[in-house]
Amino acid sequence: MATNKSLANVNFNDGLFARTSPAPCDIQMDKVYDKLDFGNPDGGVWKQGWDIKYNPNQWNLNKKLKVFVIPHSHNDPGWIKTFETYYRDQTNKILNNVIAKLQKYTDMTFIWAEISYFALWWEEQPSSVRQATIRLLEEGRLEIVTGGWVMPDEANPHYSAMIEQLITGHEWCDQNLNGYRPNNGWSIDPFGMSPTMAYILKRAGLDNMLIQRTHYSVKKELAKHKQLEFNWRQHWDHNSTTDMLCHMMPFYSYDVPHTCGPDPKVCCQFDFLRLPGGRASCPWRVAPRAVSEANLAERSILLLDQYRKKAQLYNTDVLLIPLGDDFRWDGDKEWSDQYTNYAKIMAYVNSQPDLHATIQWGTLAQYFKALRGESFQQSGDETKLFPSLSGDFFTYADRDDHYWSGYFTSRPFWKAMDRTLGWYLRGAEVLYSLAWAEMEYNGVDKSDLMKECMAKLLYSRQMLGLFQHHDGITGTAKDHVVMDYGEKMLLSIKATQYVIQQAANYLLTKNKANYKSRTDIRHFDLDDTRTESWRLPEKTLINVGTSAKLVVLYNSQARHRQELVSFIVDSYNIKVFKLQKSQEDSTNTEIDVPFQISPVFTAAGEVSNVQYEISFISETPPLGLQSYFIRLLKDDEELEGSIASVEYLTDDRQFYKVEPFNVKSSGPRSFSFSNSYIKAKFSSNGMLESVTTLDSGDTTTTNLNFLQYGTRRGGDKSGAYLFLPDGQGRLRELKNPLVKVVTGIIKSFVEISSDWNDHRAMVVHTAGEEGTAVHIENDIDLTAREMDNVEISLSINSDVQSGDYFYTDLNGFQVIRRKRYAKLPIQGNWYPVPTMAYIQDKKTRVTLVSHQPLGGSSMASGHLEVMLDRRLAQDDNRGLFQGVQDNRITRHKFKLLVEKLEPGCVGEADSQASYPSLVALAARHSLLHPVFRLIKEGDESSAGLLTSYSTVSKPLDCDIQLVNMRTSTLYGSSIGPSDRTALILHRHGFNSCYKPMGLRCHTSGGKVKLDDLFPSLYSNNVNQMSLSLMYEGDRHTDTVPVTFI
């Protein structure tokens, strides 16, 4: 069907950000990678380094080595045990001891990171313990570092979830800990580090951060030049506004043997938990010895020697020594042994002026204060002493060729569920905030309903935050822990569904002033039934009758939306319509909506005769609700819907004829689907071959295939963390596939069914953004044991001359250029693909937008690949003690875009920074945040409901994204909403050399006028806030500037 085209109106200057070169940095990680040979010579006691030497005369009475020993305990909110089991068995004891022992040992310090545990512990504490905790925080001897709900993974999470878990933690700290504000980041266990986290912490108001897990070759290279402390700058920054002072730990791990200095055999002797007879020992077979008068000098000098060697790797005489490990400091004996022995060493060293060193207990805050002081003393600036660094720290390798690129994909079912929960939570937050504001505007007191909804929102925020943990979304926990995360996410989805349908019902109510809330009934079904956390969701079968069935579409985006929606109905003799009120007599007139009737296929591949799919192109207002109606045809009405044609590309099987479809069988043949923007050509086996962009007339090869990887035959093998393949991917054929081609006026699609994959590719006939892409879905089934040690990827082979370069996003926030290196093994050339990846040449860009985070690469010029699922029969020796064999049938959703560069246009500077097109940004948002489908439930009349709702007068520009609109929580005897709503906006940098096809928005310099966005609900007084809402900034009364990124 021919459709009109739409095109965004883009201000030329709004593309200037991408065209401007980033500010130069002292260290660019892509240049470092070019330089490194990634060899792994034996460095001696420091296996991945070298034999460190030092001159003892480099210190003197006026230039002492200042050592801060920082006790910590790393508490995973789920890994080998569930979150609650860890808390019951270990974490509550640790926190009890922290508060008791810091009061006993009045010079001692401690840092804590995970607010999820701290909040759970806090609920059980009497007021005396709470008061003591706050006193310790105010004294600075107890420090909360980062202050997020968890210590998040940095490869897979979407940036909005990273922000949310940080807000949840900081909001809790503010209201429960007397306004406490964390100031230092602490990220010691995530498996690779993203600059997105540095940016978020910077914009949240933190000043410093610490990281640990980076490639051992990178650590060694930076250590050689004393560059392990640096100002981490975003690779797109045009100046230095994003600089974040960062400390990188130099050695293999964050445990005691790998933190005091380069020799773990020596350092282990100073972990006094491992004293003979204790619950742990030193694998180097030299046990710790209690410090006594007889050995005090020898023990002190031995430890100080390690400190001095470690200090050679840094640029100042201020030294950080973490003292802790996983779930440490949980018993009286450990506290006593660690404190008393270290106290003796500290007292001895501090009393010997000829040693020219001081050792003290410290916090991260105290360390960074001293470090900044040293920089100021030497350079006149607190951070000028340290180099600037841009780029990221993926992909992580801890030893040999053991690259941790497997967890980018492990347990993809739950990764996809994370994105679904993020969609629901954001949708619920926005609608709740609108409903709460409307109640205030209309003078309606429904606090009981809104308290109940806020409690559900808070639970969902916390559970989404919990899953961002670096053993949650990574897919690297025990089977039963993964299921526990899944159950929590399912409960959160159901909780947010409740909030959405309650808020929608109120907002659509005509007489809001006299609204009668009903919490005992479900007003709407969200058309997304999830009976068990591990099953794919099911759509609701709508029983269509003579009375019109109301369906409401909710658009959580702050722009008008034109989007394909589909429902399952029990009859095809139906009418779809909207209601339009007559200006003359205020009566409602039915306005027909064009729709398509498509088949629903049974498991055997037949066309169902009891269920039908109806599809239409919906129009929804920004941050709004739009009603549509479905009813049976009357006797005098004719079917207005278009019937899709059905063709099976096989000649060895007959299929039933089912009304109203024209079902036919033919032999294998190639075919194509076209709309106003693209023509997608498919081979006789149903797989995509090429895409023609009709605007230019150019055809781009886009051969889709599936590849299979195995694992190594000997030695270490792939597991939850590691990807250790047995060679390049090999073509994985679909066995005896059943190919079904469905052609219609609204959408055309092909379905290919095989034993391990149901593949779908679709072209939508619309003038909107959805018409610019090929929509791809795969239901991957690796649940059978014969799939052990099989990893399946989706491969795109194109004729794009991309060379060694390809591009992946970081957390859906920014894009970074990657380079394929022959000097790296296959697994070292795989990177996280949280939302998109692309390849490009001087004419064409091919972008794959993904609903779920996966691993991806480009193994040859013109090639783009993402891993879909992996089933591993063995542990990879990283502490999990199991393989990954709990696979679920997993649905992957993608959009494939082929875009042509405008001739002669330069859209971005030649640098590590790259930028999606406006169309790719819109495609990603619609994939992650589709329109919600609400089906009216029960016997309630819809007569008292409006046919639409929207408060937005002027929608947001194309390049401005509403990240969230979030009502803050009030903690107390009960959970409730505050009168503060946070509006979080993100202005994207974009490449303006690709036509913004299918968009009906514009760009205008990044200005948001509050009166246009919310002309009636909110006052036009707004405070600029730090990103986690800790700090209050400038007050704006009209127009708010939204800066890029």
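A cavity is here a set of grid points where a 1.4 Å probe fits but cannot get out. With that in mind, the whole of this predicted model was searched, and ten cavities of 30 Å³ or more were found.

The largest cavity has a volume of about 230 Å³. Its lining is made up of 19 residues, and those closest to the centre are Ser160, Ala161, Gly422, Arg426 and Leu464. Three elements each contribute at least two lining residues: helix H6 (159-176), helix H13 (412-442) and strand S45 (960-970). Of the elements, H13 provides the largest share, with six residues. In chemical terms, the lining of the largest cavity holds nine nonpolar, five polar and five charged residues.

The second largest cavity encloses about 190 Å³ of space. Here 17 residues form the lining, and His158, Tyr159, His925, Gln961 and His988 are the ones nearest the centre. Two or more lining residues come from each of H6, helix H16 (918-928) and S45. Readers tracing the two linings on screen will thus meet H6 and S45 in the largest cavity and again in the second largest. The element that gives the most to the second lining is H16, with five residues. By class, this lining divides into seven nonpolar, seven polar and three charged residues.

Helix H6 also takes part in a helix pair. The axes of H6 and helix H4 (residues 115-122) come within 10 Å and cross at roughly 35°, and the crossing is left-handed. On the H4 side, the contact is made by Ile115, Phe118, Ala119 and Trp122, while H6 brings Gly169, Trp172, Cys173 and Asn176. Six of the contact residues are nonpolar and two are polar, and no charged residues are present.

A further feature worth a look is a sheet. Five strands form an open sheet with mixed pairing, in the order S13-S15-S19-S18-S21. Strand S13 (541-542) and strand S21 (642-643) lie at the edges and have a single partner strand each, so one side of each is left without a neighbour in the sheet. At the S21 edge, strand S18 (residues 596-601) and S21 run parallel and are joined by two bridges. Within this pairing, Ile597 is found opposite Ile643 of S21.

Definitions and conventions:
Residues numbered from 1 in each chain as written. Predicted model: local features only at pLDDT ≥ 70, side-chain atom pairs only at ≥ 80, totals over all residues. Heavy atoms only, no water. 1 Å grid on protein atoms, 1.4 Å probe; cavity = no way out; pocket = protein on both sides within 12 Å on 5 of 7 lines; lining within 4 Å. Points joined across faces, edges and corners; volume = space filled by probe spheres on them. Helix = DSSP H or I, 4+ residues; strand = E, 2+ residues; numbered from the N terminus. Nonpolar A, V, L, I, M, F, W, Y, C, P; charged D, E, K, R; others polar. Pairing = 2+ DSSP bridges. Axes fitted to C-alpha atoms, helices over the stretch in contact; angles between N-to-C directions. Left-handed = near helix turned anticlockwise from the far one by under 90°. Contact = heavy atoms within 4.5 Å.
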